[in-house]
Each structure stands twice: as C-alpha cells, then as structure tokens.
Amino acid sequence: MRRNDSVRAIKGVGEKAEQCFGKLNIETVGDLLEHYPRGYDEWKPIQQVSSVSEGETAALEGVLASRPTLKNFDRLKVLSADLQDASGAILVTWYNMPFLRSQLKMGTRYILRGKVGKKRGRLVIEQPKIYKKEEFYRQVGKLRPIYPLTAGLTNNMVIKAMEAAVRETEGLNEYLPSPLRKRQGLVEYKKALRQIHFPADKEELRQGRKRLVFDELFLYQLALSYIRKRGREPSSHKMEVREEIGQFVEGLPFALTNAQKRVFGEIEKDLTDGFVMNRLVQGDVGSGKTVVAVMALYLTALNGGQGAFMAPTEVLASQHYKNLCGMFADRGVRVGLLTGSLTAKQKREAKEKIALGEWDVVVGTHAILQDNVVFANLALVITDEQHRFGVKQREELFEKGREPHVLAMSATPIPRTLALVLYGDMDLSVMDEQPADRLPIKNCVVNTDYRPNAYGFMKKQIDAGHQVYIICPMVEESEESELESVSIYTEQLREIFPPGVKVDSLHGKMRPRDKEDVMERFSRGETDILVSTTVIEVGIDVPNATVMMIENAERFGLAQLHQLRGRVGRGDAQSYCILMRGQGDLFGVRQSGEELFALADVFEDAEILTQAAKEAEAFAEEDIRLLCAKNKRLKERVERYLGQVTL
C-alpha cells in the first residue's frame, strides 16, 4: 500500500466508508495519514465520586442506587439515575438513549466513563459509556486519539483505518536533509507519523508533533522564500489619485482615525506606484479595516477596474455586500454578490455580470475562486480574515486577473515580528487605533465554580436590554456531537433561566437558510441568548450583544479566542468576555482554527516558526529548485502552498 493509493486499499474500508472519508477530503492513504487527531483522551484510573470535578472526564465504579427515570423535552429524551460508591452518589444522565431504561438494573454494579457537568448545583455524569471491567482496564494509561469526524464515520472506524495505514504504508521516506534534522532535533518522518497518531506517552506526542509542525512551517517558508526572491512585479493596473475619495470620506457619518488615514495612504501609494500591491492590514476587531478596504475598492472603480472582496463565510460576505451597497448607493459603483448558496440561475446571471464588467465590486466566498468565474478587468483582490487564506488561495485569485493588487485583512493579533515571518511575502500595515466611541472589552478568566455568577450576570445584562453569546466547543466523538452538544446545552439553559428569557441555538449542521433565520432573530433582538459553535467566529455584527461566554476556553487557540471575543464590543455599551476554563483532559494538537496548517499554531509554535524561517531563508531560489528536483515528495508539498506558481 502506497501514499497515492485510494483509501479503499485499506482493509475494512468499503465503498460507504470511502464516501464518508471523501466528505473530509480524504481520498488517498496519504490524505488519511495527514488527518491528524484534534486531541487525545487520557484514560485515568477509576475515581471515587467525591473526587470528581466539573469539566473533567472521569471513570466511576458503583451501584445503580435508583431506578432510571425518563423525561421528554422538546427534542430531547433524558434518562437519569443515581450511581453510588463508598464516597457518595452522583447523578447520571443519558440523552436520546431511552432503550437503556430496560437494560440498566437498580442494585447492579457498573463502570461508567463520561464528562462531568453541573445541573441545578449538582454534579452529573453526562452521556457516559458503560464498560466491562477487563475492557476498561485495557485502556488505562493510554492516550486515545480523537479525530475530526463526519456523518457515517465513528472515531473507532478512523482509528482502525489509521492503524493499518501507519503500519502498512510503504514509501514514507525521509525527505528533509539529515543535517537540518540534526540541527533542529527532529525525529524521522515515519516515526513522527506513528507518534502523532498513536503516542505511547506525552513525550512521544511532543516529539512527533514537533517534527510534523516543523515540516508544515518549513515548507510554507520555502514557498514564501521562493515568492519573495522573485521580487515585486510591475502592475498592469497603475491607478491615479482621485479627488472623489476625499469627498467620500467627508460624507461618512464618522471621522477617520489617524491610523485609518495612515493605512489608506500606504494602500493608495501601492496602487499608484506602478507595482503590484501585496499588503496585509492587521488591526483589532472594530479598528475600522473595512472602511479602508471600501476606500480602496472605490479608488479601483474610479480607475475603471473591478474589485473582488472575498470573505471566509457566506454570512460575512452577505454582511459586506449590504454595507457596500449602502455606502456606494449614490456614487455609481455597482456591487454584486456571489456565494455558494445562490440558485443555479442566480449564479449564472452573476457570472455573466462579472464577465461583462457590469459589476464594479464582487463580494463573495470561495465561490469566486471557481474556474468558470471570469472577470472583465480584475484590478484589486481583498481577502477578509487573512489567516484563513493561504498562499495557494491568494495565487488562485491572483490568476483571475492580469496581476491584480492584493489587500489582505486580519484581526488576529499577531506580533509584528511573527507577522513578518508568517506573511513574509507581504507588506504590513498595522491599524493600532480604535474609533473614539468604542469602549475596551472587559475580560475575565474563571473556573467552572463561577458559572452560577456568570448566569446571574447575564440575566442582569438581559434585563438591561442587552444580548448574550455562549460558545460551546465540540469535544465528543459522535458524528452528531455538534448538534447534540449545542441542543443539550440550549435545553439546560432554558431550564436555568426564567421562561421570559429566549434561548436559541446555532451550529454547523444547520441548513444555510435556517442559520440565516436564527441570526436574523438575534440581530432583531428577538433572542436573548444565542448558544453557538464557532460558526459565529466571524460574520455577525450585533451591537446590542454585550456578553460573550466561551465554554472550555482552554480548547481554543489565541487567534480563535480573539475572533470570538470580537463579536461583542461593537456598540457603545460596555461589553464583557468570560473565558470559562474547565479541567479538561484533552491534549490539543492544533487549536487555532487556522486552515493554512493542519497542525501548526502560529502562537503556540512561534519558536518553531522562527527556526523554520531561518532554515528556509538559507536556501536560495536555485537551491529550492534543486532540492525539489531531487525529491518528488518535497516538491509536491512545497507546491501545495504555492498553488499556480510551480517550481
């Protein structure tokens, strides 16, 4: 079995499983090997009831001290019982598993393992699994990988396929030069794959992760180095300064900050100096990056060119579209929207307008990257939330015009030195000033004991006419975990808060139309509390929302926490971000939510990134070509980041 073989080559993977893997973009054995765990479950010995705490995953052995009772809620069937050992008793609940009622016997001893929560002030083991004694003790002390899943795939199915892939795949040869590996203290590639998927202990996990993170960052830096060494290219879209920009600024209902004026000045200079702009604008949420982008789009339209404004989500794209239509209403700039959820007819009409140049500005998602989208005169490309787009995607969009200018925007607070390494092919502008009417968000990091106080504080904010977000991370292994986790939490909140408090939920498995409906209700103030997964990380602008509580904040990387926090503080009222940190027993492999890398986190792995950049910079352009010519695997991996630019 080799890397390029279909996943069907793995014993036990049939046609149905192949289709399920395909939903995760896993088509080959190599794709599967790079489907890394999102965390690890550490199997601890059996604990006593009196020693468990909220937030941890615990195993308990005890006697069922009450008959199981079944209660029906809206969309939920809740089965409850008490488990007792020598130290005390704890409530046990199962959701949507009514069949267990006839299987569980009062007075019988069981080993249960599950997440410890709190309900009405009492600890509870939620959705535990039942184990036979020998089955449980075989697992104690192990780090069990937990993989990203999709409908039809269980964690056990992925583990079995991965065990076979790691054991039987040939050609997992080393491709980094030996001196480089020795300098950086890196284990061999094949060993690293085994250690990342099936570590014997935490030290093995650390070694395997370090090697694979270095690979991602080093190869990305090689690609950046190659682009950087080509130098700045002459532009086919040299623009002229236009006085209408000043009139546009005067017509805004607010005054620009000094930072906005300075950054637009840098952009304007790029657009008018005869070379292709490749600039990253970095600024906190609410610093006014969008207005600067709109000014750049206006200058482009005034010079007869088309602008593309690409957002990472349909929600954010639709929001930008509405805002741009309003800002350009009286200025003769024609704005269009292209997203994946449009009907076939709407997409066809949109593509015709783009090709004929009838739209001056096109707002959209990745749908803009499709091969059959042809621009009449693409002169400026803007990507919002730059950390979600890699070199490859930027290059794909770049190919849609004759060397269009590129402006990327990011709210991720990357230190300047780190940004220069990570986005080394780009010029950097920093938006370091907030509009005068914005109050800084107050942050607090608390443990789970603070939860009742947090709920009380939320109730006061709701009574004052404000709204609340609660973010619920995905930690279960079930393919329906996202829906279950959010639904269960929503039902619990409806029990905790008075009937007059309206609680709604949002998750990634909802249809686009249903998501829109939920967010519209929240935007109109009809919902008081919105329980959501990170689907709201970008894309909702509700100035009336003043509280953001993030459950299990330790499971998120800094970049993602920053994005989530940015959903509040968008109005003139004081806003708050509560980071709830549970005990947790998952050892995260990659937490930041970055799509650019499968494992690497630019904050957590800043030191590795710095070393990778140094090693890559030592390779001249010709060295990179020679190195890749000798090693096909290395060439493939570098070109993955380069996209259309081949070696």
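I took helices (H or I, at least four residues) and strands (E, at least two) as DSSP runs, numbered from the N terminus. The model is predicted, so I kept local features only at pLDDT of at least 70 and side-chain atom pairs only at pLDDT 80 or more, while totals for chains, interfaces and linings use all residues. Residues are numbered from 1 along each chain as its sequence is written, and side-chain values use heavy atoms, with hydrogens and water left out.

**Entry 1: positive phi**

I looked up Asn25 and found it in the loop between α1 (15–23) and α2 (29–33). Asn25 has a positive phi of about 60 degrees although it is not a glycine. I noted the background: most residues other than glycine have a negative phi. For accessibility I used three classes: buried is under 20% relative accessible area, exposed is over 50%, and partly exposed is in between (1.4 Å probe, protein chains only). Asn25 has a relative accessible area of 63% and is therefore exposed.

I then checked Gln127, which lies in strand β7 (residues 122–131). Gln127 is not a glycine either, yet has a positive phi of about 50 degrees. Its relative accessibility is 26%, so I entered Gln127 as partly exposed.

**Entry 2: Ala9**

I located Ala9 in the segment before α1. At 41% relative accessibility, Ala9 is partly exposed. I compared its position with that of Thr28: the two are 19 residues apart in sequence and 8.8 Å apart in space, C-alpha to C-alpha.

**Entry 3: β11 and its partner**

I went through strand β11 (residues 335–338) one face at a time. Val335 and Leu337 on one side are buried, and so are Gly336 and Leu338 on the other. Two strands pair if DSSP finds at least two bridges between them. I found β11 paired with strand β12 (residues 361–364) in the parallel sense, over 4 bridges. In β12, Val362 is the bridge partner of Gly336.

With helix α13 (residues 344–355), β11 and β12 make a right-handed β-α-β unit. Right-handed here means that, with the strands pointing away from the viewer, the path from the first strand over the helix to the second runs clockwise.

**Entry 4: His405**

I placed His405 in strand β14 (residues 405–410). His405 has 0% relative accessibility and so counts as buried. I listed its contacts (heavy atoms within 4.5 Å). Not counting residues up to four places away in sequence, His405 touches residues including Ser235, His237, Asp270, Phe275 and Val381.

**Entry 5: helix α16**

I checked the length of α16 (residues 451–463). The expected span is 1.5 Å times one less than the number of residues. For its 13 residues this gives 18 Å, and the end C-alpha atoms are 18 Å apart, which agrees.

Arg451, Ala454, Tyr455, Met458, Gln461 and Ile462 are buried in α16. They cover an arc of only 120 degrees around the axis, so they sit on the same side of α16. The arc is that of the directions from the helix axis to the C-beta atoms. On the other side of α16, I found Pro452, Lys460 and Asp463 exposed. Gly465, just after α16, takes a positive phi of about 95 degrees.

**Entry 6: cysteines**

I searched for disulfides (cysteine sulfur atoms within 2.5 Å) and the structure holds 0. Cys444 is in no disulfide, and the nearest cysteine sulfur, that of Cys577, is 7.8 Å away. Cys444 is partly exposed at 29% relative accessibility, whereas Cys472 is buried at 7%.
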